[in-house]
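Here are some exercises to work through with the sequence and the 3D view side by side. Try each task yourself before reading its solution.

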Amino acid sequence: MDQETIHQRLIEERERYRIVADFSPEWAYWMDEDGELAYVSPACQRLTGYAPDDFLKDPGLLIRLIHSDDRTPIQTYFQAGSESGPTRLQFRIITREGKTRWIEHDRHPVWDDSGRLRGHRGSNRDITVRREMEESLRRNEAALVKVLDTVPDAAIQGYQLDGTVVHWNRASERIYGYTAEEAIGANLADLIIPPDERSSFAQRMQSLREGGRLPPSEILVLRHRRGHPVTVFSLHLMVQFSDDELRLYCVDVDITERDRDRERLWEAVQGGNVGLFEWRPGGYVFFSPEFKAQLGRQDHELNSSLKAWMSLIHPDDRGEALEMLKAFTRQPRGRLRAELRVQDKSGEWRWVLYQATAIYNPNGSLDKLLGSSLDITERKQAEERSERLAYAVEQSPGVVVITDADRIIEYVNRSFCDITGFSADEVIGHTPGIMRYDEKNTAKYYDLWRTLLNGGTWEGEFTNRKRSGEPYLEQARIAPIRDSRGKVTHYIKLAEDITEKRSLMERLEYLAFHDPLTGLPNRSLLLDRIGQAVAHADRDPNIFAVVFIDLDDFKVVNDSLGHSMGDQLLVEISQRLQSLLRAQDSIARFGGDEFVLLIPALEHESALIPLIERLQDFLGEPVSLSGQQIQVTVSIGIALYPGDSESPEELVRHADTAMYRAKAEGRRCYNFYTPEMDAALQERMKLDQAMRLALQRGEFDLLYQPRVDLTSGDLLSLEALVRWNHPEWGIVSPGRFIPRAEETGFILSLGPEILRLACDRIRAWKDRGIPTVPVAINLSAREFRDVDLTERILDALHKQGLETGDLEVEVTESAAMHRVEQTAQALNKLNDQGVRISIDDFGTAYSSLNYLKRLPVHAIKIDRSFLADIEQDPANHPEDTAIIRAIIGLGETLGMQVIAEGIENHIQQEFLVDSGCIQGQGFLFSRPLPAEDVEPMLWGSKAPHTG
C-alpha cells in the first residue's frame, strides 16, 4: 500500500475519532507522532475548566495541571513514550477553579497500515467519586470487622457451605474454646459438631448447597474443645457473599444454664444488634426496640404498624417487599428473606436483612410470622469494596501474579498481559519459568525459593522474557499467602517493569560523573581516582602527577566563531589528549576550557617533561573548524605527589596555581608548583578581599592632575586618578590593585564608585561657586561590555544636576580596539549626549586606522613612554621623536586634539609645542593633587610649574 493511501486512511481514522469524541463525556485527545496534540475533545472544559484550544496552544498545560505529588512519574512516562500497547494511569489534577480531581488516563498507540507508529490517542475520565467511595468502603469494612469481633456474648461464626470457617469472633473463642487462629480455615465439623452428629451435619450442608433452607433459629447441642456439650440458641443467616457463593452466619447464645435462657437470648439479640418482629394475620405487629434502633429511632418514635414500616422502605424496594410479604403469607414456604434499603432517622439509607419464619396453629392455619432484622449496611459496603478491590487489582498499573503452593500460575492481571504480551490463558496453569530469560536469574531463583520456603518475603530484580522474546527488567516483591492455620497456600508477586527507569538511572549516574560534551570523567570522578592513586601510593610508594591544562585565549574562539565551534574545539582537544595518554593515565574535563590529567607510576618528575612537551606540540597543531584553521596553545600547571601534597583537592589546587603562573609568564608555557606560588595566590586573595572591604569602607578617593595649554599654562581640564588609602598598608599603588581589579572583574564595582566620586566633587565645587573645568575619568575594557554603561554615566550626571560637558571619558587604545563594533556603539551613545572622549596611552597598542576613524574620538593622548627618554636634545632620540610627530600629524589629519602625558621638563614641553602639540600634563606642571589643593588652580585657571 502506498504512503498516500496510508496517510489518507490515518486522516479518516482521526476524523472518525474526533466525531465520536466530540460527543463523549470523557476528555479525549489525539497526539501526533512528534508528541504534539492534534485534537482535544470539548469534555476537557467540564473536567478541567480549560477549553480545548488552551491545550492545543499550550502543550505543557496538561503536565502543569497534574498534582505536584503525581507529576514527576507521569511526566517521565509521557516523555518516555509508549509503543507496547494500551496503558492506564491514575493521577490527580488541579482544575482551573483550584479543585482536586482524580483522573483515570487511558493511552493507546496508533499504528498505520504499514506498521509505523503515528501517535497516540487517549482519554481521561473523572473517577473522583469512585476513589472517595473506595476509601469509605475500606473504613466501613474495618468497622464491621471490629463490631463483629467485639460483640460480647453472641458467638458469631461464618462459614462456607462446605463447613470451612471464615469468621470466628471472641465470644466464639470463649464459648467453644478455640482461638480464631485455630478455627479460621478449619472445618466446623472437626471443631464443634459432636461425632455422632457429623453425618447429619454433612447432609445438612449438602442440602444447603442444593438450595435447601435452614430454620431461622433453633436450639443446638454442640461440642466444646474439651469435649463437654454446649447448648446454644442459634440464629442462622444465609449471606450471598458473591454471585456464586453463599455463606452461613450463625449467632449462638450459650443456653446451657436453662434458668438463664431468656435472659441470654435477649442479651444475644441486643448485643448482636438483632431486631425482632412479629406479625399476625389480624394486623397485629410488634417491633422490638432493637428493630427500631437499627433505624435510629427510640421505641416511641416508630409505631408498631406495617404501614409505618413500609413507608420507610426505599421506593425502588417497596413494591417488591410488599409482594414478597403477600406471597409468603398466602403460601408460606421455608423462610422469608429480604435485603431492603430502609431510611433511618437521619435520612440515610441503610441495608437491613429481614428474615421470618411462619408459625402455624394446631389446625394448620397461619398463626404468625416471627422474624429478625439485622443491619447489613457495612456488609454491603464491604461486598462493594471487595468488588472494587478486585477491579483495582485487575486495573493496577503494577504486575500482579498469584500462584498456588506448587508454583502454578492461577491469576495474572491486565498489566501483566500488557507488559509481557502473554495472555492470561497462555500462562495460567504454567510455572513462572515460562518467562525465564536465558540463565541470568539462576542464582536469584535459588535465593528466592530459599527465602520463601523459610517463610520470608523476597524482594529483588529479574530479567524476564516477554512473549516476543525481548528481555525486560522487573522489580519484584514475592510473598507467601497463608491460610488461618498458617499454611502456605499461594504465593503473590507484585512487580513493576523498570527497564526504562533503570536505563534512565544509569544515564543519570553516568552524567553525574562525566562531562556531557566530551564524555570525559568530570571533577568528582577524577578526584575519586586521585584519592585511589594516593591510597595505592601509600601501599606501593611511587610518584604521580596532577597536570592542569588551560587553553589560551579560548574565549576569543567562542566570541569570534560562536560557542558551537568552541564546543567542537574542546571535543577535538579531548580526543588529542586521550590519544597521547597511557592506559593507566586518567583525564577529566573540569569545566570551560580546563582539563586535568592524572599521570601515575612516575619514576622521577623529569619523566613527565617529554609528555608535557608532546602535549604542547600535538595540541598546538592547527584544528580545522568550519573551514578555518585554528591554532591553539595551552598553559600547563603540574603538582606532584607526595612532594606537593597528599590531598587530592590540594594537588588539583596546586596544579591550578602553577597553571596560572605559567599563563602569567606568557602563552604556551608550563610550570611545576612551588610553595612560593601559594604565597602569591594567598597575596592575590588577600588583595581581592581587601579591595571589596575598601569599597564598603570608603577607602578609595580621587586625586586630580591638571591638563594645561602648553603655550599659556592655562588650566584646560583635570584627570581623575583613583587612590587607595588602606588603614594598615597605607597608600596602595594603582599599579598593584588596578590590574587585579581588571582581572577579577572588581573594576565593574570600582568604576561606578570613581564616577560617583568625580560627579560629587564637581557638584561640590559648583555649589561653592568655584569655577570648574571638565574632569576626565578612565573607563576599563570590562566596563565597555556593560550594555548599561551610557545610562549609568548619564544617570550619575543627572543625579548631581551636571551637564555632559562637565565630564570627559578616557579609554585605553587596547580597550578601544577590542571588540571595535561594541566599543563604537557605546562611544557613539556617549558622544551623542555631548560627552567628550579621548584615547589614552596612544601608540602602545595596535590600532587600525580604519577602525580609529570610525570612533567618535575628540582627542588622542601620547603615551608617556615616548617622552620618558627625552631629557636633553630631542635629536638624540630619533625614533621616539618620529613616533610623537607621527601621532601629532595623525591627530591633525583626523581632526583630533593631541594631548601629551608624562611631561617632566621644559625640553619635552618645547619639543611638543614645536611639533604642534599644545596640550599636555605631567609633573612639570603638577603631580596628582587632592581636591582641596586643586581649588586654587580653578580660581586662577592656571597650573603652577613644579619643575
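**Exercise 1. Classify D767 as buried or exposed, then find its salt-bridge partner.**

Solution. Please keep in mind that this model is predicted.
- Step 1: D767 has a relative accessibility of 56%. The exposed class begins over 50%, so D767 counts as exposed.
- Step 2: The side chain of D767 meets that of R763 in a salt bridge, at 3.0 Å from N to O.
- Step 3: Both residues sit in helix α27 (residues 747-767), 4 residues apart, so about one helical turn separates them.

**Exercise 2. Work out which parts of the chain are linked by the salt bridge of D688 and R740, and whether each residue is buried or exposed.**

Solution.
- Step 1: D688 and R740 meet through their side chains at 2.9 Å, N to O.
- Step 2: This pair joins distant parts of the chain, with D688 in helix α25 (residues 675-697) and R740 in helix α26 (residues 734-744), 52 residues apart.
- Step 3: The buried class lies under 20% relative accessible area. D688 has 13% relative accessibility, so D688 is buried. R740 has 12%, so R740 is buried too.

**Exercise 3. Do the same for the salt bridge between R467 and E426.**

Solution.
- Step 1: The closest N and O atoms of R467 and E426 are 2.9 Å apart.
- Step 2: R467 lies in the loop between β18 (458-465) and β19 (471-482), whereas E426 belongs to helix α17 (residues 424-427); the two residues are 41 residues apart and link distant parts of the chain.
- Step 3: R467, at 48% relative accessibility, counts as partly exposed. E426, with a relative accessible area of 27%, is also partly exposed.
- Step 4: For the wider setting, the structure holds 47 salt bridges. One network of salt bridges links R707, E719, E808, E810, R836, K861 and E901.

**Exercise 4. Give the strand order of the open sheet that contains β21, and explain why one side of each edge strand lacks a neighbour.**

Solution.
- Step 1: The 5 strands run in the order β22-β23-β21-β26-β27, with mixed pairing.
- Step 2: β22 (586-591) and β27 (670-672) are the edge strands; each has a single partner strand, so one side of each has no neighbour in the sheet.
- Step 3: Neighbouring strands are turned by 20 degrees against each other on average, direction ignored.
- Step 4: Within the sheet, β21 (residues 543-551) pairs with β26 (residues 634-641) in the antiparallel sense over 8 bridges. F548 has G637 in β26 as its bridge partner.
- Step 5: Now add the helices. Helix α20 (residues 523-539) packs on the sheet and touches β21, β22, β23 (594-602) and β26, its direction making about 140 degrees with that of β22. Helix α23 (residues 608-619) lies across β21, β23, β26 and β27, at about 160 degrees to β26.

**Exercise 5. Describe the surroundings of H105.**

Solution.
- Step 1: H105 is found in strand β4 (residues 100-111).
- Step 2: H105 has 0% relative accessibility, so H105 counts as buried.
- Step 3: Leaving aside neighbours within four places in sequence, the contacts of H105 include Y29, F78, R88 and N124.

**Exercise 6. Name the residues of the nonpolar surface patch that includes Y510.**

Solution.
- Step 1: L504, L508, Y510 and L511 make this patch, which covers about 340 Å².
- Step 2: Y510 is in helix α19 (residues 499-513) and is partly exposed, at 33% relative accessible area.

How values were computed. Residues are numbered from 1 along each chain as its sequence is written. This is a predicted model: local features need pLDDT of at least 70, side-chain atom pairs count only at pLDDT 80 or more; totals for chains, interfaces and linings use all residues. Side-chain values use heavy atoms; hydrogens and water are left out. Patches are made of residues with over 30% relative accessible area and no salt bridge: like charges are joined within 9 Å, nonpolar side chains (Val, Leu, Ile, Met, Phe, Trp, Tyr) within 5 Å. Accessible areas come from the Shrake-Rupley method with a 1.4 Å probe; for residues, only the protein chains shown count as cover. A salt bridge is a side-chain nitrogen of Lys or Arg within 4 Å of a carboxyl oxygen of Asp or Glu. Buried means under 20% relative accessible area, exposed over 50%, partly exposed in between (1.4 Å probe, protein chains only). Two strands pair if DSSP finds at least two bridges between them. Axes are lines fitted to C-alpha atoms, for helices over the stretch in contact, and angles run from 0 to 180 degrees between N-to-C directions. Contact means heavy atoms within 4.5 Å.
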